[in-house]
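Subject: Structure for your study

Dear colleague,

Please find the structure below, together with its sequence. I would be grateful if you read the notes beneath it with the structure open.

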Amino acid sequence: MALAGRTAMWWARLRSPCPCAAPLCLPPWLLAGPAACERLYSSPGKEKLDMSTYPVENIRNFSIIAHVDHGKSTLADRLLEITGTIAKTAHNKQVLDKLQVERERGITVKAQSASLFYSHEGVNYLLNLIDTPGHVDFSYEVSRSLSACQGVILVVDANEIDLKHADPERVEKQIEKLFDIPIDECVRISAKQGTNVEKVLQKIIEKIPPPQCNTADPLKALVFDSTFDHYRGVIANIALFGGEIQKGHRIVSAHTKKRYEVNEVGILTPNEQSTHKLYAGQVGYVIAGMKEVTEAQIGDTLFLHKQPVEPLPGFKSAKPMVFAGMYPVDQTEYNNLKSALEKLTLNDSSVTIHRDSSLALGAGWRLGFLGLLHMEVFNQRLEQEYNMSVILTAPTVPYKAILSSAKLIKEHGKAEITIINPAQFPDKISVSEYLEPTVLGTIVTPQEYIGKIIVLCQDRRAVQKDMLYIDEHRVMLKYLFPLNEIVLDFYDALKSLSSGYASFDYEDAGYQAADLIKMDILLNGNPVEELATIIHSDKAYATGKRLCERLKDAIPRQLFEIAIQAAIGKRIIARETLKAYRKNVVAKCYGGDITRRMKLLKRQAEGKKLMRKIGNVEVPRDAFIRVLKREPDK
Amino acid sequence: MAARGWRRAAAIAAARPGPGRAPGVGPASEPAPEAAAPAAASVYVHWPYCRKRCSYCNFNTYLVPAVDEAAVRACLVQETHTLLQLSQVKSITSVFFGGGTPSLASPGTIAAVLEAVAGAAHLPAGAEVTLEANPSSTTTQRLAGFKAAGINRLSIGVQSLDDAELRLLGREHTATEAQAAVEAARGLFPGRTSIDLIFGLPRQSLGAWTQRLEAALGLCDDHISLYQLTLERGTALAAQVLGGALPVPPQDLLADMYQAARTTLVAAGFRHYEVSNFARKGALSTHNLSYWRAEQYIGVGPGAHGRFVPRGEGGCSREARVQVLEPIAWMRAVQSRGHGTGKRVMLSPLEQLEEVLALGLRTDEGIPPERWGRFSPHLSLEAVFGAPGQALQQQGWMVLDDGGLRCTARGLAVLDALLPDLLCQLQRAWAAAAPGPAPGPGRKDPGAVSGCGPAEGS
């Protein structure tokens, strides 16, 4: 969706000081003299920055919070331009989104930070912007980023579907009602056009408090993100809640107790720029010879050797919601894929990975993701950054079964088992109860979509828990959802039927008993392992029928008839038939047609090599994932 | 003058009763391997202009208010001369004037090009010389003029014998005019008049198609080309179908139409000798066979394609060559360089073999072992496709025997679904036969012939 002409509204507000910050501390510096006020970052790479010219009271650490597609990355681009962090050109689009997948999809996946230098009323400020992803799948990235901030900017799109309907007054009132933010704290801006963006910077300085901490204290640094660089190892993003850090310091991880020597510290502008030191209140990075990202545990506290501090509270680790099998298309690619997965998971510690194998697909892995978008993004990054093509099985949520068979209980060493692979689904005979994970979902929507949304939720087996009018137009709904009903495409469906207005968030709500069965999909009698799914028995018939119908569209006609069937055990519950080709030959092939013809044939021959063969049926590799993605209108 | 002499001899040959062909150039027998025979090729001449664009056509054609025919003629003549010199071809097996609408050119232009051909290489008196003609530009008088110029075979774009269908196709003529044109052509070119028909039009029923076909059978001579309508991107007809204004003809109906046509024509004594081509009394098109047999051909005119070895400049590899598409740019190129070749790509032995495979299987004769051997001296058809339990043969799509590799009638209708597998098989066998390091001077392709070998004749 284009951002053109969007009237967005902004507010900056005070946030209670970070709970983990030290009590009030006096800034040790006096205001720096005029010479020190010069911007020292203007010679990138060569001269190291002296960060001591930015005392804690001149620092603001903030984040921007917004819904997907409300223009957050565009605002970040403008802030970077205005502060001279990046050159102002027409090409600055999603500057902080460095991954190809982020740019293609127009989303932020990986949080990024940038230090901005801004002079306001004769004082030089250091403004640390911590960009965050907007999609619910990546909310753990958001919570991490926020812990390094003392305030946030909330971006609210004041636009109605149609640009003519921009209604900032109403949105201001809503914000006041919803969040108790006074209307006069809202700033109406257009990030696309740059209108009023300067005012946002001034508000940041006025309204967001500086971090409260002291350089004289011992070092206390929060690791809020980490990335992996092939040459330099782990680069940990840190926020200093006390003390200072510089090259040569010996530091300790509170989590692992391992010791490291600091090789380099610096700030992100948004590329890494090394500095002499980092001081309390500042945000930057540290490279200290860590070889694996797991060593830079997100939420960990770093302190100086022999000067231990009380560790910061840290974070709950990200919990995978969706599991899927991943296999190399060709088993000879196993080791290459293994190495690609290792490298990619270094930069995305939220993915869990276990070795797995299957009769049909060979050796592979079972991966855990935060959601379907996360899975797709991960898969896309594998393709784009590591040139790997993989077979991905149908995503499944972690189900549980309470075993009744003494033999199985003995085998597993316990009665309650977690099932993250449909192939391991125990038969009903040996199970006293199946359990499915649930989440408590919160939907905020303009009231005109309530009817459709309630129907959608009921269709997803959700139970309404709460319904509250936030104002005369907006409603907040709370539903208890079975997790498997929302992982695939609920978010897309919700966005689609509410023209993008309804928002969705969810939290873990434990397990509930459920009547689960395993459904297989067969092509000419051969099971398609990628599509084996565990589903609620009420949904089996409809899901089976829909999967068969959609497979019929996704598989090209072939030289023989193909029976597409859904089966529960031996019982066929749905069938579609894909008829054989009877004619498939180009009519004209003379001199001028030959080159074009050969090119096409050779491309098809290449494609054949990448097809997944199930029995004698050839299936394009993206067919299954296309089939699995439900469309709301189907 | 040699050229004049050719026209006289050609006129005599054409006057002979029946499909008069000089011995040795008839399509029934494949020419002797080029290593033994003098280097031969066919010539395709492209006339890029039309009076009207048909709704289904995406060919390289142009509508201009006035064609500077003298300039185009001079360039066609010049390019013919240059390319024939470049190919060092001694003998021309056939000439084909296609387009565009080459029947809009004057007989004098056709004559000039033929004289250029005969001036640069041997053009046997009985060699097939075809002109594509539209029913709207084929009065008896004009046809006589073309005959006098050296044309001895006509291919008439009838397309349909129903006025509503003709309008949908954007044709200029009516069914009655088409009929008259075919009759006039048969009078002048008895046994050597072909007609084109299109089937699978949106909303066309099986009944309507068999009716058209019956009508065409009553009208036609000994050669018919039946083309299933291809909705080419960018054409008016494709846009109507994509936009939903016209329905997409159902797959099964198209298969039924094709099957019905084949049955009808075979019953009427026609041989189904290529996917879309039918002939009786041996009236196969020599020229078109030369494409499917992967022989050498030289393309003259804007956007014309060629496949030949440029021996004149010391080349010894077959090249895929394309002339500059746009007529004015092409003419400028011819005027400055003597030819308007815009692109030339050397074809590797494997690429040549891929063409031999994909094209040869379109014909009922398939790929005889001799032809395969000419392009692949060291890797036989059996070695590539003869693996025991070869699925495509077991399932009745293909036959591999002493006569070579060919499609069954059932297989021919789905050839494009078979070819990717066959190409994969060929590529695998080729790679297996040429193991070792990356291509380099030390590597020997199984089909590679050192120096200017016999693969393309000399």
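The notes below treat the two chains, then two helices, a hairpin and some backbone angles.

This is a predicted model, in which local features need pLDDT of at least 70 and side-chain atom pairs count only at pLDDT 80 or more, while totals for chains, interfaces and linings use all residues. Residues are numbered from 1 along each chain as its sequence is written, chains are lettered from A and ligands numbered from 1 in the order in which they are written, and side-chain values use heavy atoms, with hydrogens and water left out.

The two chains

Chain A contains 14 helices and 33 strands, and chain B has 17 helices and 14 strands. Helices (H or I, at least four residues) and strands (E, at least two) are DSSP runs, numbered from the N terminus. Of the 634 residues in chain A, 58% are buried; for chain B the figure is 58% of 458 residues. Here buried means under 20% relative accessible area, exposed means over 50%, and partly exposed lies in between (1.4 Å probe, protein chains only).

A contact means heavy atoms within 4.5 Å. Among contacts with a separation of 6 or more, residues 24 or more positions apart account for 70% in chain A and 72% in chain B. The accessible surface is about 27,600 Å² for chain A, with 52% from carbon and sulfur atoms, and about 17,400 Å² for chain B, with 57% from those elements. These areas come from the Shrake-Rupley method with a 1.4 Å probe; for residues, only the protein chains shown count as cover.

Two helices of chain A

Helix α4 of chain A covers residues 168–179; at 1.5 Å a residue its twelve residues should span 16 Å, and its end C-alpha atoms are indeed 16 Å apart. The expected span is 1.5 Å times one less than the number of residues. Which residues of α4(A) are buried? They are P168(A), V171(A), E172(A), Q174(A) and I175(A). These residues lie on the same side of α4(A), because they cover an arc of only 160° around the axis. The arc is that of the directions from the helix axis to the C-beta atoms. On the other side, K173(A) and K177(A) are exposed. Just after α4(A), D180(A) takes a positive phi of about 60°.

Helix α13 of chain A (residues 591–610) has 20 residues with an expected span of 28 Å, which agrees with the 30 Å between its end C-alpha atoms. Its buried residues include I594(A), M598(A) and L601(A). Their cover includes β33 (617–619) of chain A and, from chain B, elements such as α12 (349–360) and α17 (415–433).

A hairpin

Strands β18 (352–358) and β19 (362–369) of chain A pair in the antiparallel sense over seven bridges; two strands pair if DSSP finds at least two bridges between them. Three residues form the hairpin connection from β18(A) to β19(A). H354(A) has R366(A) as its bridge partner in β19(A).

Backbone angles

Most residues other than glycine have a negative phi, and most peptide bonds are trans. K306(A), which is not a glycine, has a positive phi near 70°; K306(A) is exposed at 70% relative accessible area. R203(B) also is not a glycine and has a positive phi of about 75°. A cis peptide bond, with omega about 25°, joins G99(B) and G100(B).

Yours sincerely
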